[in-house]
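Grab the model and work through a few short exercises on its pockets and its metal site. Try each one yourself before reading the solution.

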Amino acid sequence: MSNSLILVVEDDFSVRNLMKTTLKANGYRFLLSETGNSAVMETASHNPDIMLLDLGLPDIDGVEVIKKIRTWSNMPIIVISARSEDTDKIAALDAGADDYLTKPFSVDELLARLRATERRLEYMLGINGESHIFVNGDLKIDYPAGCAYLKGVQLHLTPIEYKLLCLFSKNIGKVLTHTYITQQIWGRTSDGDIASLRVYMAALRKKLENKENSVSYIQTHIGIGYRMFKVV
Ligand code: CA
């Protein structure tokens, strides 16, 4: 049973009720907000561990809520939206959301996302700020040495592939959009950069996910971006 405090921001009564019941049944503590402004206030006064945020709110847009909160807090934000358009998800992720769920979602899926976010939080808290070695399952990165290893065997990565791997490792569990990644790697975003990114990602994944190592470290979000998983 978890002890995390979850802030649910949702104006739809039935969805809010479903979330409330689910969280209660699974031992979570929770707070409920129906508007964007009250979500910002609740965050400031109660410092929740994770926010579940609907994007379509009656007062301010969910993306605005994320922008406001990101000025002072790194609390994980999982966007939950009925909008199926990728542009809304991308805007939310670029504003600093960590993950997203599309309505209608299953209760199991919601709980799985919460557990994944909690694992990431624990992992981030467990990392000493001075830690120079990243470990995720069989993957190890020695940042000062500029080397990555899989099952103890050094990976032969190009400079861009290595840069990408470090970017994912430093944002483990978080969905990174194409725009964010190309900005970080090349300092710009054009259609050409996004096309190159696909090629580099395919090459990197091939090196990380060979036959003997069936673990999938990097997940593709079609039309949105990529995420590195925390391997359990
Ligand atoms: Ca709504």
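**Exercise 1.** Work out which helix gives the most to the lining of the largest pocket.

*Solution.* Keep in mind that this is a predicted model. Step one: go to helix 5, residues 107-126, which tops the list with six lining residues. Step two: size up the space, which comes to about 540 Å³. The lining has 20 residues, and N74, M75, P76, L121 and M124 sit closest to the pocket's centre. Step three: sort the lining by character, and you get eight charged, six polar and six nonpolar residues.

**Exercise 2.** Explain why the largest pocket lies between domain 1 and domain 2.

*Solution.* Start with the bounds: domain 1 runs 5-125 and domain 2 runs 133-228. Now check who contributes to the lining. Both domains give residues to it, so the largest pocket lies between them.

**Exercise 3.** Describe the second largest pocket: its volume, its lining and the elements that supply it.

*Solution.* First, the volume: about 360 Å³. Next, the lining has 18 residues, with D99, R113, A116, R227 and F229 closest to the centre. Then look at the elements. Strand 5 (99-102), helix 5 and strand 11 (218-221) each bring at least two residues, and helix 5 has the largest share, with six. By character, the lining splits into seven charged, seven nonpolar and four polar residues. Finally, bring in the domains: domain 1 and domain 2 each provide at least three of the lining residues.

**Exercise 4.** Find the protein donors of the calcium ion and place them along the chain.

*Solution.* Begin at the ion: the donors are D11 and D54, each through OD, plus G56 through its O, at 2.2 to 2.4 Å. Written along the chain, their spacing reads D-x42-D-x1-G. Now map the two aspartates onto the fold. D11 is in the loop between strand 1 (5-9) and helix 1 (13-25), while D54 belongs to strand 3 (residues 50-54). They're 43 residues apart, so to speak a link between distant parts of the chain.

**Exercise 5.** Decide for D11 and for D54: buried, partly exposed or exposed?

*Solution.* You need the cut-offs here: buried is under 20% relative accessible area, exposed is over 50%, and partly exposed falls in between. D11 comes in at 33%, so it counts as partly exposed. D54 has a relative accessibility of 5%, so it counts as buried.

Technical notes. Residues numbered from 1 in each chain as written. Predicted model: local features only at pLDDT ≥ 70, side-chain atom pairs only at ≥ 80, totals over all residues. Heavy atoms only, no water. 1 Å grid on protein atoms, 1.4 Å probe; cavity = no way out; pocket = protein on both sides within 12 Å on 5 of 7 lines; lining within 4 Å. Points joined across faces, edges and corners; volume = space filled by probe spheres on them. Helix = DSSP H or I, 4+ residues; strand = E, 2+ residues; numbered from the N terminus. Nonpolar A, V, L, I, M, F, W, Y, C, P; charged D, E, K, R; others polar. Domains from an automatic or database assignment. Donors = N, O, S within 2.8 Å, 3.2 Å for Na, K, Ca; no water. Buried < 20%, exposed > 50% of the residue type's maximum accessible area, 1.4 Å probe, protein only.
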